[in-house]
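This note sets out points for a colleague who is meeting the structure for the first time. Please read them with the model open.

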Amino acid sequence: MASSGGISDQLFVSVKLESPHLAELDLAPHLFGSHPVAGSWDPCKALPLERAATAVWEFSCVVPSQHESLDFKFVLKRKGDNPQYIIEEGPNRPLGCQRNEFEMGNALFKLNEGKEVLECKVQVETEMLSPIDLAASWRAHQEYFQPSRVRGTHDVTINPGLEGRAKNGFASGLELDLDKYVVPTPNMGSGVVYAASLTENPRSLLQTGSSSNNDTTKDILHNSTKGDSSLNHYVNTMKSTIGGHASSLEEQRAMFVDRGVGSPNFARPTMETFSMSNFKLDSESKGMPAAEGAVAAAAVADQMYGPKEDRKLAIVLVGLPARGKTFTAAKLTRYLRWLGHETKHFNVGKYRRLKHGTNQTADFFRGDNREGVEARNEVAALAMEDMLSWMQEGGQVGIFDATNSTRIRRNMLMKMAEGKCKIIFLETLCNDQDVLERNIRLKVQQSPDYAEQTDFEAGVQDFKERLTYYEKVYEPVEEGSYIKMIDMVSGKGGQLKINDISGYLPGRIVFFLVNCHLTPRPILLTRHGESMDNVRGRIGGDSSLSEAGELYSRKLASFVEKRLKSERTASIWTSTLQRTILTAHPIIGFPKIQWRALDEINAGVCDGMTYDEIKKSKPEEYESRRKDKLRYRYPRGESYLDVIQRLEPVIIELERQRAPVVVIAHQAVLRALYAYFADKPLEEVPNIEIPLHTIIEIQMGVAGVQEKRYKLMDAIHPTAGL
């Protein structure tokens, strides 16, 4: 047949043969038949099929469309110079030459003089192509769809012993001084920041419309608690019970309103108006979590079957000073925000410093110091009021960070929250004296309470005295819903006890806390070396590395050897795509683990295209992505929110690991991982800068999260931005 342009179309022929036994029998499949498919009916001149997978062989060719029919058969040949061959049983296989066809069947071969029969699966496909389409297909095959160089690689590989590192011999040209490669960190500072300073600003103590900068007390409203307000009611209630009898556990439980809690809140229709026809979920509606998958499913379930009142959750920290409360609160806040829950961290110590200054001595914290107790309860009530007000405005999870060491204080908080949110107490207990001593000294070093203390040891002594006063009045949590973390901060065991915990979100919180610890260790994040698709500006795909990418893989191996030379338990994580596996290949002496969850965002029907091609051929998709990269889902592909959901197990395992981890992955995936560690808003995730050939070192430990970046080489070509 002829095309409209007068140029004859061509017939593309693809023949595949599959059998898991051919390799075992040392047999290679061939094809012979009439010209021009095979060229000859002589089995000795049969054309070999190329191995496309472990048990699949393929033959493809292009023939003119004028032929009425073509015939062929399979023949198996022994490898090497052995002249023996085995011809397929049955008649010749006809091949239509003027239409598109797809056929599946079997091929039978008699082995051992007919005593055994080998059955192979056969797939034959023909397609009419214009010369233009044929040229484009051939170019795509040559450039983008070459067989993977890592096919058959095991998901977990452990290289030979560490002595092999010295024999690596790759000429990376990397200097011994790694600090020469350090570059500025655009998103997260490398210095240590006191965690409480990063918590929510005390808006009840700051003037309306004031700046969020808390380094001044000019905006403090010293009379913020005057008048007969509900806040004064709670504070006065506290004053009347100081030194008196605390309510019994039964009374506490009677006051506690246990409504359960699930996923974040969003508007719930009444049963009178509810129907499937008018029930609509808008991802941007107030209170709906910015999430996909399990988080969204749990929110829908709570919406349909939960109680009528708003679904709000308050995690109230309990514990003596220096037990890691603020550290735990900060990590939990970061995790919940990353999952898409509107979460804020309220630190009562920050309120106290704004209200009463930073020069309070240990006497201020004595249990028999009536004025001190009243002042501390007052700022706790202020912080709680702020948190509840924020929840009324759409907030979903509040982290209330304070010692809350007495039943009287906790009772006040439960009464304030009654009918407004569900409270779960999170108590941190630590009996390891070495850990406590380290935490105390770190606290004195970083806390604004001791910023003006010139004698460090005097500050340590004052803090220990403060701690003694808290210990005298401390009452462990026995009321309500609670989670107790006992000696878990070191990551070497410990216990986690829970009481009256149910629902999706509390369950996720418990699972997250089980895996948290304070063991210092680095996490190295890096993109794969430059790939051939990076060079061509194409997204997705599974291309191999360019020359620059291969050079980076050697430099990365040298860097890992120098940076982790003293480590014996570090590991290398890659995706299942060959560009990350090839990047990790020169690294020896460390186990390598492939994660499907680390694969690049699935571009669906746009996979392998450039953004110019998407803009021209799919303008609506291009525009939708441009307007909302976070929520945009490629047709038959993924969105950034989808990627975040599948990365949750990776985050949990990174938190659980006590040894360094090198993660070699892709731009979109690393954006999502980095956003977790840097506590970036979800809206910023698609635009986070993750350059090629750069290593981002995340330092995890008791001081929080710090970042350092190493740029080993420049990227020669600009990269497509998924």
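1. Across residues 241-285 the pLDDT (the predictor's confidence in each residue, from 0 to 100) remains under 50. For this stretch the model has 103 contacts beyond four places in sequence, a contact meaning heavy atoms within 4.5 Å.

2. The model is predicted: local features need pLDDT of at least 70 and side-chain atom pairs count only at pLDDT 80 or more, whereas totals for chains, interfaces and linings use all residues. Residues are numbered from 1 along each chain as its sequence is written, and side-chain values use heavy atoms, with hydrogens and water left out.

3. For the protein chain, the mean pLDDT is 80, with 74% of residues at 70 or more. Another stretch, residues 166-171, has pLDDT below 50 and makes seven contacts in the model beyond near neighbours in sequence. Helices (H or I, at least four residues) and strands (E, at least two) are DSSP runs, numbered from the N terminus. Among these elements of the protein chain, strand E22 (residues 661-665) has the highest mean pLDDT, 98, and helix H3 (residues 249-255) the lowest, 35.

4. An open sheet is built from five strands in the order E4-E5-E1-E10-E9, with antiparallel pairing; two strands pair if DSSP finds at least two bridges between them. Its edges are E4 (50-53) and E9, each of which pairs on one side only. From one strand to the next, the twist averages 30 degrees. Strands of a sheet pair through backbone hydrogen bonds, either parallel or antiparallel.

5. Within this sheet, strand E1 (residues 10-18) is joined to strand E10 (residues 116-129) by nine bridges, and the two run antiparallel. Valine 15 has valine 124 in E10 as its bridge partner. E4 and strand E5 (residues 56-64) are also antiparallel, paired over three bridges, and alanine 53 is bridged to valine 56 in E5.

6. On the other side of the pairing, eleven bridges connect strand E9 (residues 101-111) with E10 in the antiparallel sense. Leucine 111 has glutamate 116 in E10 as its bridge partner. E9 and E10 form a hairpin with four residues between them, and asparagine 112 in the turn has a positive phi of about 50 degrees.

7. Turning to helix packing, the axes of helix H5 (residues 325-339) and helix H11 (residues 504-514) come within 11 Å and cross at roughly 125 degrees. H5 is therefore oblique to H11. Axes are lines fitted to C-alpha atoms, for helices over the stretch in contact, and angles run from 0 to 180 degrees between N-to-C directions. Angles under 35 degrees count as roughly parallel, over 145 as roughly antiparallel, 65 to 115 as roughly perpendicular and the rest as oblique. Thr328, Lys331, Leu332, Tyr335 and Leu336 in H5 meet residues of H11 including Arg508 and Phe512. The residues of this contact comprise seven nonpolar, one polar and two charged; Ala, Val, Leu, Ile, Met, Phe, Trp, Tyr, Cys and Pro count as nonpolar, Asp, Glu, Lys and Arg as charged, and the others, Gly among them, as polar.

8. H5 also packs against helix H17 (residues 640-656), at an angle of about 160 degrees and with the axes 11 Å apart. H5 is therefore roughly antiparallel to H17. From H5, Lys331, Arg334, Tyr335, Trp338 and Leu339 take part, meeting residues of H17 that include Glu648 and Ile651. This contact of H5 with H17 involves seven nonpolar, one polar and four charged residues.
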